[in-house]
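Please load the model in a viewer and keep the selection tool at hand. The tour below proceeds from one selection to the next.

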Amino acid sequence: MDLLVSAAELEQMQMRAAQLQGAPCALALAALVWYQVETDGASARANLQKLHALLPSLKPGWEQEYVRMRMMLAQARIALLQAELPLAQQIAAQVWHIAQTQAALLAQDGGAAGLLLTCLQAVQARLDRLEGGKLRNPHLPAADETPPWQFHDHPARDLLFAGADAMHILAITANDAGNADLRDAHWNAMRHLALAAGDLLRARLPLLLSALRQRGAARELVLQEFGPFAPEEWAESSPALQACLLEYWGGVLFRQDDYAQAIKCFQQAFELAQCHCMNSRAIISGLSTGIAYATLNDHDTALKWKQRALDLANRCGWPVSIGTALVSCGETLRLLRQFGPARETMQQALHVLDGLQNSFNYAMALRNRGFLALDEQDPGLANQYFTALIERTRILHTPELEVDGLRGLALAWLHQGEAARALEVAQQALQLARTHENRSDQMECLQTLAAIWRQLPPQALPPPWRDDAQGAARLCLDLLEQAYQLAGQITQHQVSDSLLEALADAHAALHNFAAAYHWAQQAAAAREKTVSRAATARAIAMQVAYSTEEEQDRRRRHQQLALAEARRAGLLQQTTHTLTELGAIGQEITTHLQADAIFAILHNHVRELLAADAFCVYFLRAREHGPLMLELAYGIENGKALPPVAMALDDPHSYAIRCLREEREIQLELPASAPHLAQQLNASSTLPCLSCLYIPMQAGQRSIGVMSVQSCQEQAYQEQHLLIFRTLCAYAAIAFDNAHAYAQLQQTRQQLVAQEKLAALGGLVAGVAHELNTPLGNSMLMASALHLKTEQTIAGLENQSLRHANLAEYLEDAAQAAQLISKSLSTAATLVGSFKQVAVDRTSAKRRCFDLQQTCAELCATMMNQVRQRGHQLQLDIPANMLMDSYPGPLGQVLGHLISNALQHAYAPEQKGCMRLSARASSTRREWLELRFSDDGAGIAAAELRQVFDPFYTTRIGQGSIGLGLSICHNIVSSILGGVIRVESETGQGACFILDLPQICDNA
């Protein structure tokens, strides 16, 4: 994980995190909050809460601990920027402890993880030696001191990054607490860990931050690692690293009096830091720019830059940065002689920094406030501030500030008439300045001592000046001459006109008027030179301001172009992602043929992609014996279903009717003060929706309805939301139209199936009636003949003409007739019984145990008339006692369809054929049987075999066939009978339909 990212990268990270859920979202937020801390503290806190809620979605173990560490580091940075140093230090120390614990767990696997633990233990050992007093002035390792560890596996590197970031926070807390040794030790540890992880930015940053605070060894390391000042060569480096380098070299150039170049460095550092989520560094660079302008006597521009830094600090809301900026602004206001605003600003700075009284910034606030009190002629108040300053500087080990405090305190005592006490304090200041070899401070202290000696009585003078009437004047002259000699020892130092005037006054007091005149002339020349230098400085400042503003404008234009390009690329990427997602949603929607399922899917995706407090789908429907109406078919508001409502197409108030009538999209932004308008959004609406979208649903050129989404937020829908909803409406129109067509198709199919069943039953009845005609006709004929013979026999008996031969003939004919009548009636009774059982089975479709041979024979008997009528044969080859526990009615319906299909399609009109129905036990499945129906007709072409069971597929369109017979067979076999039907055929070789059916029934 990188230490810093650019603003454009941060924006892309925010977009990616918003699109994720669950564990991937948690990992994305863990990185995001680290960068958001310095740019948007409120968003960082909100994401931390969201991240905490997502922790259970992560895998227990390393993944959870990693995210927890990143959360804690972000919390530590927030505490640090809020000046809660103990809390920041505590959290960072906990992260370091967790990192060591996780390293120990990883080390159990051996390999590189073992080296990781060794690395962390070595860093901890150095810290322990420092705390134990065994390690003083810890130095940062140079490039050749890189630790021998290099980790590239994911957990190890992340642990090193987390440890390095924890050390960075601990270093800053130590610095703000005034503990320089502990600060450098933690930066040392950060550099070690970063070098082990192979992260040059993390490794180089502490080196530069340390060099910004001290010279000598740290500067030597900077030169060794980065080389001399060469901004052009840094262009390929990380922008964050460039910002730190420019800030460092700006300070170096400032101390070398190259103010113009220093200002350029500070300003470039300011711009880079702002663009790369380094607002804290940007504030410091802005203040440094102001200080450089103040040195050029351009206090107005200096104040503008300092105010710019203060504004940034106020936006961020960080007490430390605000206090630092206030201190610097107050000092500039004092130099501008605006004492009132300066006093208010400095008091505000002291209040903001009150919790950091041991920090360098608080000490600077005390110093500046003390000198302001002297300027305002309030020595008593100045005394208090300088006394407090001296106490702080001794804790912070900052001798230069201590000298300022002692000198200021001496001036305060002098203005209060306490010359003796002022003398004692001024001598301490001079001694401290000499100890640290600071010539500028020594000069200031000597001039202060000279001013004090002038006000002391002669008896207070030390020998040998005590006995001299002009001892005080001679002593003052001696001190001033020492100051003048020190000025000559400072390279390129311009002696101030105030020191030269003091020398002239000292010679005049001793009546050395020639010397006094000489020094007075020197003072005038120095004053003129100072004015000239001031004018030159102002000119330089103006030139620098102009050139830097021009450079800033150019850089700003480039940044804007780059940002616009990044945003365009991000928008393109987001659009591509959205279109891909919408395509997947469209496929999901259009695969369903049930309107309820389509609406449920639509509602889920609308809630994910849009702000949707209400979502409605309206359909254009015709009422029975009434006009067309727009009906609210599906509606959800606040998670609750809305009741269906029908609206007339001439309704003047409904936006949905208007959208349908005008066939255009309607986007509304309603005023919050008009909740009654919600009734125009939905007829049964209860929510005060403020943002609404209505889009017509069109299938081809037909309008089938309207879709609407509504939100209680203002300005909830932008152009990208309109694009998303428009696309969803297009998919929904296709899906709902398909669902409607499918429903109509299902209804038509059910009607056709019912008609087909009735037609089959009618054919069955006609066949049975034809079969009954023969036995019944024979019976009636025999009965009539018998009746005639009987009447003839009775007549012969009555007229006594009946002979024995006639009687014998009658009895023989009667016996034959009775036998024939009995046989015909038996055949008719059997046929009626078979028809009755088949009819009952077909109409009831009840499950029962039956004999397959008997059931098939009964069915064949009912179909035999059709078979014989066309000159064909139907053979039955089914073993006796083959029992089934199934549905004889549906089975008979299937066999009837197969026989009818063969009669209609298998044979040419004049062709005679043979059909065969056979059964046997299945060879592959236990308690299953194989029922085969075959014919020796024309067969089925290979191209048609795959479609024979499809609904409405027929080779005789317009010839009385609707193509549902075999489809019905397939549905009955697969759904009711629980079996499988398949067909085998070759052109000209007939066809064979094979039914694999569960037998279930036990033969016993």
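Which residues does Arg 334 touch, not counting residues up to four places away in sequence? Select Arg 334 in this predicted model, and display its surroundings: the contacts are Phe 339, Ala 342, Met 346, Asn 368, Phe 371, Leu 372 and Asp 375. Arg 334 belongs to helix H15, which covers residues 319-335. With a relative accessible area of 12%, Arg 334 is buried, since the cut-off for that class is under 20%.

Add Glu 331 to the selection. The side chains of Glu 331 and Arg 334 form a salt bridge, with an N to O distance of 2.9 Å. Both residues lie in H15, three residues apart, or about one turn of the helix. Glu 331 is buried, as is Arg 334.

Move next to helix H19, residues 399-415, and select Asp 404 and Arg 407. Because these two are three residues apart in H19, about one helical turn separates them. Their salt bridge has its closest N and O atoms 3.9 Å apart. Asp 404 is buried at a relative accessible area of 12%, and Arg 407 is buried at 13%. Extend the selection to Arg 367 and Glu 444, and a network of salt bridges linking these four residues is in view.

The structure holds 23 salt bridges. A further one joins Arg 70 to Asp 165, where the closest N and O atoms are 2.9 Å apart. This pair links distant parts of the chain, as Arg 70 sits in helix H4 (residues 62-81) and Asp 165 in helix H7 (residues 154-176), 95 residues apart. Arg 70 and Asp 165 are both buried.

Now turn to the strands. Select S9 (residues 873-877) together with S11 (residues 914-921): the two run parallel and are joined by five bridges. Asp 877 stands opposite Ser 918 of S11. Then add S12 (residues 928-935), which pairs with S11 in the antiparallel sense over seven bridges. Across that pairing, Ala 919 faces Leu 931 of S12. Six residues lie between the strands in the hairpin of S11 and S12, where Glu 927 takes a positive phi near 60 degrees.

Finish at helix H31, residues 888-905. Is this helix largely enclosed or largely open? Of its 18 residues, 14 are buried, so H31 is largely enclosed by the rest of the structure. From first C-alpha to last, H31 reaches 25 Å, close to the 26 Å expected at 1.5 Å a residue.

Conventions. Residues numbered from 1 in each chain as written. Predicted model: local features only at pLDDT ≥ 70, side-chain atom pairs only at ≥ 80, totals over all residues. Heavy atoms only, no water. Helix = DSSP H or I, 4+ residues; strand = E, 2+ residues; numbered from the N terminus. Expected span 1.5 Å × (residues − 1). Buried < 20%, exposed > 50% of the residue type's maximum accessible area, 1.4 Å probe, protein only. Contact = heavy atoms within 4.5 Å. Pairing = 2+ DSSP bridges.
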